[in-house]
Amino acid sequence: MEKQLIQRASYLNIQDKDLLLKAIVTAKKAHDGQFRKSGEPYIIHPFAVTDILLDYKVDVATLIGALLHDVVEDTEYTLEDIQQLFGEQIKTIVHGLTKIDKNEVPEKDIYQAVNFKNMLEAAQKDIRVVVIKVADRLHNMRTLQVKKIEKQVPYASETLKIFTPFCQKLNLFRIQEELEDLSYAYLHNGQYTQIKSFHKNYKELFKSYANRVREEFRKASKGCLDIDSYTIHDEVEPLYTAMTYPDIIDHIGRVVISVPDKMSCYSAMGIVHQLYKPISGKFIDYISIQSNPFHRYLRTTIDIDGNEVVICIQDKESKDIREKGICFFLTEHREQELRTTLPKILGEVITTNKSATEDPLEFLNFVSNELLGNQIAVFTPKLDVIQLPIGATAIDFAFALNVEKAKQMAAVRINGEIRPVSTPVSQWDMVEILISRYPGDKSSWLNFAFTTKAQLAIREELEKE
């Protein structure tokens, strides 16, 4: 497998290949004589994690972190050794992936929560920590059968609760898909075959939609787009995600058209709307208004034989970003893009919740809801997008946008109508904060603040009064 890793890393420059080889040698030496529960040499695991990440052609720092992710935790090597051999960045990554000593925290749930908190704090410094961790989880799920049966279900449950939402957050679709499939098999063994068949039927349905759109689009686009310049394919949500919305077809899958550039996206959308009746109010321009760094496309919903079918139209770079997710930015020449993209993904949730509680279980619960839960996008009057968890109110919107302005809020205008600050907000609402020198009593705001950031700011303000 060592040769396979080197061959697959052929995209690296000579200097980075030498570093990768050095990391391979170091990992082999560190794990020499260690074996997994399956009886395989332990080195198979870090090699497999690295192999998963090579699918995304990530940079050498990510690959080295993957190779060495268990070295400090399971061998005599120290973080200082890693720093001397590979530098400060690799030391930071490995430190973020190293679990604390179980003897320090004997309670299992607290032990897991502390490790989760440490991982997220490290991810703020370098997102590669989480990328490697989800690849590590994928290989462990692939080999979960070697664990005792009583450990398989909790492990699969944790995977669905923490790791698949992280994959969704980072747009690592292929890893998410396999994790959901494997987890569902362990958690719902009796229903798995039936659900898998149900999911397969949806895949076949969307494949038929894609074939139909491909043929009809090809005829209609003659003279507008070269047939070799675009591709059309179907996408279906992973098993567990799809089963969350079994009766809402436009949540389950879509047809995706990829064209050469942004201008071609709008031309292609015109062709689609000539071919099929668009559903009113369901066109969204994610190119002009980016609510998610990984979703830069035009989205419309059309009628095909009485069914509402989502069509997404993207350019070549946007296609690469959607397919690789965060890994698109894990290259040396995109380091600046990574720095600007990371706050859009993680926001202030980790820092805010760290300030709000020292209890690792509370931290895990808060972050799971606010960072890893489903989110909505809410507009400001200037068409800036504020991401909020489902269940958020206008109070949460205001404190996410501008804390000082929120403190002076008397009411809000939602989609043109004046509403109380306690009003829940929905996807694509446009919200304007209406301020006053005398905003009135804030004591009830805590009852309607959903996010930790809003709750902290309100408590601080009430303490001053």
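## A predicted 465-residue chain, from charges to helices

The protein chain carries 58 positive and 66 negative side chains, and the centres of these two sets sit 3 Å apart. For that count, Lys and Arg are positive and Asp and Glu negative, with His and the chain ends left out; each charge is placed at NZ of Lys, CZ of Arg, CG of Asp or CD of Glu. Keep in mind that this is a predicted model, where local features need pLDDT of at least 70, side-chain atom pairs count only at pLDDT 80 or more, and totals for chains, interfaces and linings use all residues. Numbering runs from 1 along each chain as its sequence is written, and side-chain values use heavy atoms, leaving out hydrogens and water.

**The whole chain**

On overall size, a compact globule of 465 residues would have a radius of gyration near 23 Å, and the protein chain agrees with its 24 Å. That radius is taken over C-alpha atoms, and the globule rule is 2.2 Å times the number of residues to the power 0.38. Along the principal axes, the C-alpha atoms fill a box of roughly 70 × 70 × 50 Å. The secondary structure comes to 22 helices and ten strands, taken as DSSP runs numbered from the N terminus (helices are H or I with at least four residues, strands are E with at least two).

Of the 465 residues, 50% are buried, where buried means under 20% relative accessible area, exposed over 50%, and partly exposed in between (1.4 Å probe, protein chains only). The accessible surface is about 22,600 Å², and carbon and sulfur atoms hold 50% of that; the areas come from the Shrake-Rupley method with a 1.4 Å probe, and for residues only the protein chains shown count as cover. As for contacts (heavy atoms within 4.5 Å), look at those with a separation of 6 or more: 63% are between residues 24 or more positions apart.

**Two helices**

Helix 12 covers residues 189-220, and its 32 residues should span 46 Å at 1.5 Å a residue; the end C-alpha atoms are indeed 46 Å apart. The expected span here is 1.5 Å times one less than the number of residues. Tyr192, Ile195, His199, Tyr202, Phe206, Tyr209, Ala210, Val213 and Phe217 are the buried residues of helix 12. An α-helix has 3.6 residues a turn, so residues three or four places apart point the same way.

Helix 22 (residues 452-464) gets the same check: its 13 residues should span 18 Å, and the end C-alpha atoms are 19 Å apart, in agreement. Its buried residues are Thr452, Ala454, Gln455, Ala457, Ile458 and Glu461. They pack against helix 18 (349-356), helix 19 (360-370), helix 20 (394-401) and helix 21 (403-407).

**Buried spots and their partners**

Cys327 sits in the loop between helix 16 (316-324) and helix 17 (335-346), and with 2% relative accessibility it counts as buried. Not counting neighbours within four places in sequence, Cys327 contacts Tyr56, Val58, Val131 and Leu172. Val58 is 269 residues away along the chain, yet the C-alpha atoms of Cys327 and Val58 are separated by 6.0 Å.

His139 belongs to helix 9 (residues 128-142) and is buried as well, at 7% relative accessible area. Beyond residues up to four places away, His139 touches Arg36, His45, Ala48, Val49 and Ile52.

Asp51 is part of helix 3 (residues 44-54) and is buried too, at 17% relative accessible area. With the same four-place exclusion, Asp51 touches Met1, Gln4, Leu5 and Arg8. The C-alpha atoms of Asp51 and Ile6 are 9.9 Å apart, with their positions 45 residues apart along the chain.

**Loops between strands**

Most residues other than glycine have a negative phi, and most peptide bonds are trans. Asp305 and Asn415 have a positive phi although neither is a glycine.

| Residue | Phi | Loop between |
|---|---|---|
| Asp305 | about 55° | strand 4 (297-304) and strand 5 (307-314) |
| Asn415 | about 50° | strand 8 (409-414) and strand 9 (417-419) |

Asp305 is exposed, with a relative accessible area of 60%, whereas Asn415 counts as partly exposed at 47% relative accessibility. Pro420, in the loop between strand 9 and strand 10 (431-435), is partly exposed at 49% relative accessibility. Pro420 and Ala9 are 411 residues apart in sequence and 57 Å apart in space, C-alpha to C-alpha.
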